Amino acid sequence: MPRLRVPEAGWLRDALAAQRGHLMLWVPVLLGLGIGIYFSLPVEPAAPQLWALAALALLGLAAALRWPRLAPLPLGAGLVAAGLVLGALRAQSVAAPVLGWRYYGPVEGRVVKVDRSASDAVRLTLDRVRLEDVVPARTPARIRLSLHGPPGGPHPEPGLRVMTTGHLSPPSGPVEPGGFDFRRYAWFQRLGAVGYTRAPVLLAADEAAREGLGLHRLRAHLSAAVRSRIGGDAGGFAAAVTTGDRSGLSRGATEALRDANLFHLVSISGMHMGMLAGFVFAALRGGLALIPPLALRLPAKKIAAGLALAAAGFYLALAGRAVATERAFVMVAVMLGAVLLDRRAISLRALATAALIVLALRPETLLSAGFQMSFAAVVALIAVFSVLPYRLIQGRWAFLAPVLGLALSSVVAGMATAPFAAAHFNRVAHYGLLANLLAVPAMASLVMPGAVLAALLSPLGLAAPALGLMALGSGWILWVAQAIAGLGGATSAVATPPPPVLPLIVASGLFLALWRGHLRASGLLPLALAAGLWLRAERPALLIAESGALIGLMTPEGRALSKPGGDGYAAGAWLLHDGSTLAQEEAHRALALPRDGKIARAQLGEALVMQVSGKTALAGIDGCGGADLLVLDQRDDAPRPCRVLDAGRLRRTGAVAVSARDGMMVIETSAERAGQRPWTTG
């Protein structure tokens, strides 16, 4: 069979030839593209479609091997198809029952995690769940329960079976069409119900009869020990970076860390893993170098790398194997593995390997802020530092090189992660560079070394000095966070970008970092397009909560809300996505919709929208009361001469967005945007 010939001239031949030596770098990118397409589909792919995509992936690989000069084209198509299949297989592999109704009654289960909710309440994640009169086939694999009951009683720890009486409901959908879908997050966490209890929590068995979860119990014990030795928020911070348990941090400290762009120091990520592994590696290699007989006969560098990898693995297990921690461990393991194999430790190839492993294990992490921000930062740092001289400053000013390196790293990482932070969290920290310059050295020189030394010296009862180092570093970081957050204009809010913006930013960054050849500069075009789309972004004119009890109309001054309280999560999310810093009560007071008792009115173009609360107010309305759209917080079966969104219909459609186009109302529901996926249908 004759070999397929590539034309002797042309931009396609040159472009493909330039990429052949860097195919490894593009593998996770194209796999991620397929995963992203899977999550954006309106309907779950059927089995025949998945088989066809799997065949396409194999054919792409075979074609790339058969015609090497055209390898990027068939291999790229095959990887995109493989990403689609991988996402579907992962979604099916984590399938578990989802509660299909509101439940109130006895709840029993084994504690697997203890943390805090957004309202600062202790929250338990339970598995091996038992619900009264619910058969095992319909019982969720895991539930999450916030504790609002009286203080006191037993302290829940991982491994204990607990029982209480609680309120449970299915995971909630988006608060607006196209918004964050908690159901999808819960599906991949195998969370089938969430809720709360106001009753005391009791032990279902003797405290000594714990059911497995030895590492989880060790984690809880170490976290409690650190907080008992280091009081206040400093102890909570030290426990968070040691074990991943953030339940000891107050809400005020958490907000200050966010406003100062220092919250990444709390979430165990590549920085923590890198600092811990780097400290262990440097200490072991330096220690072996001090013993000449060993230094001359043993490969000290590889021994240090192997033991540092073991320390990082233990840190991963201790921190609970969260997604961000797993991602950080994979990146550190790839770098240390490169040292063991005499390869370059920090390179785009090592990063590509880490991304490929993470996406293969948990494809859903592609959509998370942690994945996007961490990989964006590392790609930018490698791309920038690879073109800089090894020594930034030489001669008499060489002592300033570490300071300059830290400043440059903070600037590059901050610029790379800023769009993702703004898109996911709707805030921009203006003094993040200053805060990181002041806080990161303490993290690297006091907190993480103190954590390693405390772990080594605790069995000997000599951990006090190491814990003192941690307390000093943690206290300094929290002081920096409070000081920076207290500065005027420390943060500003930004509106949520349209859906194409983040993919365009990702495409621009990857193209600039990975493409080889003259077309690299064209990677700036998607970035310019993304900026234009973001600046021209328009928020929904009218939003309706799933309960039917709250509506919000966008006005030139901001979003006017129909009531000052209730549906607080939806109201807060609307305002946040609008780029507003106001709380619900403040927004209602400043921009209240016209009300007549229990009836709120909103003028949308030429259409009148009325939101009616309660049966009494509804009974007093003749027909639709002159409204074009009637929003009700209760079920209503009466025939009316207008469009009606009552509680029954809203439960099926989810939150609703309404806009006026060409003099007509256009209604978009969350159910329409979410589509028919495993997490939307249960």
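This passage walks through the cores, salt bridges and one sheet of a predicted model.

Local features were accepted only at pLDDT of at least 70 and side-chain atom pairs at pLDDT 80 or more, while totals for chains, interfaces and linings use all residues of this predicted model. Residues are numbered from 1 along each chain as its sequence is written, and side-chain values use heavy atoms, with hydrogens and water left out.

A good place to start is the interior. The largest nonpolar core (buried Ala, Val, Leu, Ile, Met, Phe, Trp, Tyr and Cys residues joined through side-chain atoms within 4.5 Å) has 54 residues, of which Phe237, Leu257, Leu262, Met443 and Ile477 touch the most other members. Several helices (DSSP runs of H or I, at least four residues, numbered from the N terminus) each supply at least two residues of this core, including α7 (232-243), α8 (251-259) and α17 (464-485). The largest share, 11 residues, comes from α16. Beyond its neighbours within four places in sequence, Phe237 is in contact (heavy atoms within 4.5 Å) with residues including Leu249, Leu257, Met443 and Ile477. A second, separate core contains 37 residues, among them Trp26, Leu53, Ala350 and Leu366.

Charged pairs come next. The whole structure holds 17 salt bridges, each a side-chain nitrogen of Lys or Arg within 4 Å of a carboxyl oxygen of Asp or Glu. In one of them, the closest N and O atoms of Glu108 and Arg161 are 3.2 Å apart. Glu108 belongs to strand β1 and Arg161 to strand β4, 53 residues apart; strands are DSSP runs of E, at least two residues. Both Glu108 and Arg161 are buried, where buried means under 20% relative accessible area, exposed over 50%, and partly exposed in between (1.4 Å probe, protein chains only).

Arg427 has salt bridges to Glu255 (3.7 Å, N to O) and to Asp259, with the closest N and O atoms 2.3 Å apart. Because Arg427 lies in strand β7 and Asp259 in helix α8, this pair ties together parts that are 168 residues apart in sequence. Asp259 counts as buried because its relative accessible area is 19%, whereas Arg427, at 27%, is partly exposed.

Finally, five strands form an open sheet with mixed pairing, in the order β12-β13-β14-β15-β16; two strands pair if DSSP finds at least two bridges between them. Strands β12 (595-596) and β16 (643-645) stand at the edges with a single partner strand each, so one side of each has no neighbour in the sheet. Strands β13 and β14 run antiparallel and are joined by six bridges, and the bridge partner of Arg601 in β14 is Met610.
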